[in-house]
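Let's take a walk through this structure together, from the overall layout down to single residues. Keep the sequence and the 3D view open as you read.

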Amino acid sequence: HGSGKIFMRKPDGSLNFDQKNTVDMLTGNKVASWYEQGQSYCRLFGNLAVAFEECRAFAVACVLCCDEEILSLMGHDDVCGQMVKYVAWLKIIEEGVCSLSQYNVMNKKWITCSSEILQPHSWARFVKDQSKLRRYLSVTSPQSTAPQYLEN
């Protein structure tokens with residue numbers, strides 16, 4: 001699941017990476033944030049940590065399946081590459097809809113049918129689909145607001 005190094009401050013106060021030469025691949029700027037001493041992923045995100053990690057993993061999959069260079073490396077050029085993108089997005093959306101079956105309305109938790117084991121994958125798929133729906137609504141209808149059920 002990991003997608004790289006966790007940037008953090010070491011006990012001696014120094015950073016565990018070269019701040020001058022490390023570039024944030026999303027912004028193109030130097031890395032501007034990291035975990036301070038005593039911080040951890042689970043401490044910062046609490047109960048959301050595992051579901052958030054799943055969202056990140058799904059986001060990486062979405063980016064990779066739409067990258068022309070990566071598709072080309074896998075031998076999927078032109079029409080085949082477009083089909084890979086299309087099928088991947090359909091599958092991602094379908095998984096989000098199917099994940100609703102693992103939401104327990106009484107407990108307001110994402111759990112399996114047979115136990116109290118939390119289902120971070122299902123929770124993440126639902127969040128991912130909500131995000132796409134909100135984006136779609138904002139692009140297709142700028143004057144409208146999100147439906148009430150999306151606000152909670």
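Before we start, a word on how the pieces are named: helices and strands are DSSP runs, with at least four residues for a helix and at least two for a strand, and they are numbered from the N terminus. Keep in mind, too, that this is a predicted model.

With that naming in hand, here is the overall layout. The chain holds six helices and two strands, and reading along the sequence gives you the pattern α-α-α-α-β-β-α-α. There are 152 residues in the chain, and 21% of them count as buried. Now take the contacts between residues with a separation of 6 or more: 39% of those link residues that sit 24 or more positions apart.

Let's begin ahead of the helices. The first one, α1, covers 41-45, and asparagine 16 lies in the segment before it. Is asparagine 16 buried or exposed? Its relative accessible area is 18%, and buried means under 20%, so asparagine 16 counts as buried. Its side chain reaches the backbone oxygen of isoleucine 6 at 3.0 Å. Leaving aside residues up to four places away in sequence, asparagine 16 touches Lys5, Ile6, Phe7, Met8 and Lys10. So Ile6 turns up both as a contact of asparagine 16 and as the residue whose backbone oxygen its side chain reaches.

Stay in that segment a little longer. Lysine 20 is placed there as well, but with 67% relative accessibility it counts as exposed. Look across from lysine 20 to valine 31: they are 11 residues apart in sequence, and their C-alpha atoms are 8.5 Å apart in space. Glutamate 36 also belongs to the segment before α1, and at a relative accessible area of 33% it is partly exposed. Which side chain does glutamate 36 join through a polar contact? That would be tryptophan 34, at 3.1 Å. Glutamate 36 also has a C-alpha to C-alpha distance of 8.1 Å to lysine 10, although 26 residues separate the two in sequence. Lysine 10, you may recall, is one of the residues that asparagine 16 touches.

Moving on past α1, you come to the loop between α1 and α2, where asparagine 47 lies. This residue is exposed, with a relative accessible area of 72%. Now find proline 120, which is 73 residues away from asparagine 47 in sequence; in space, the two are 9.8 Å apart, C-alpha to C-alpha.

Next, a pair of helices. Two packed helices are described by the angle between their axes and the distance between the axes. For helix α2 (residues 49-65) and helix α4 (residues 78-99), the axes come within 9 Å and cross at roughly 160°. That makes α2 roughly antiparallel to α4. The crossing of α2 past α4 is left-handed. Which residues meet here? From α2 come Phe58, Cys62 and Cys65, and from α4 come Lys85, Ala88, Trp89, Ile92 and Glu95. Sort the residues of this contact by type and you get six nonpolar, no polar and two charged.

While you are at α4, have a look at two more of its residues. Aspartate 78 is found in this helix, and it has a positive phi of about 50° although it is not a glycine. It is exposed, with a relative accessible area of 66%. Serine 99, also in helix α4, is buried, with a relative accessible area of 2%. Where does the side chain of serine 99 reach? It goes to the backbone oxygen of glycine 96, at 2.6 Å. Not counting residues up to four places away in sequence, serine 99 touches Trp110, Ser122, Arg125 and Phe126.

Our last stop is helix α5, residues 120-140, where you will find glutamine 130. With a relative accessible area of 13%, glutamine 130 is buried. Its C-alpha atom is separated by 9.9 Å from that of isoleucine 93, a residue 37 places away along the chain.

Notes: Residues numbered from 1 in each chain as written. Predicted model: local features only at pLDDT ≥ 70, side-chain atom pairs only at ≥ 80, totals over all residues. Heavy atoms only, no water. Buried < 20%, exposed > 50% of the residue type's maximum accessible area, 1.4 Å probe, protein only. Polar contact = N/O pair within 3.5 Å; in protein donor to acceptor, adjacent residues only side chain to side chain. Contact = heavy atoms within 4.5 Å. Axes fitted to C-alpha atoms, helices over the stretch in contact; angles between N-to-C directions. Parallel < 35°, antiparallel > 145°, perpendicular 65-115°, else oblique. Left-handed = near helix turned anticlockwise from the far one by under 90°. Nonpolar A, V, L, I, M, F, W, Y, C, P; charged D, E, K, R; others polar.
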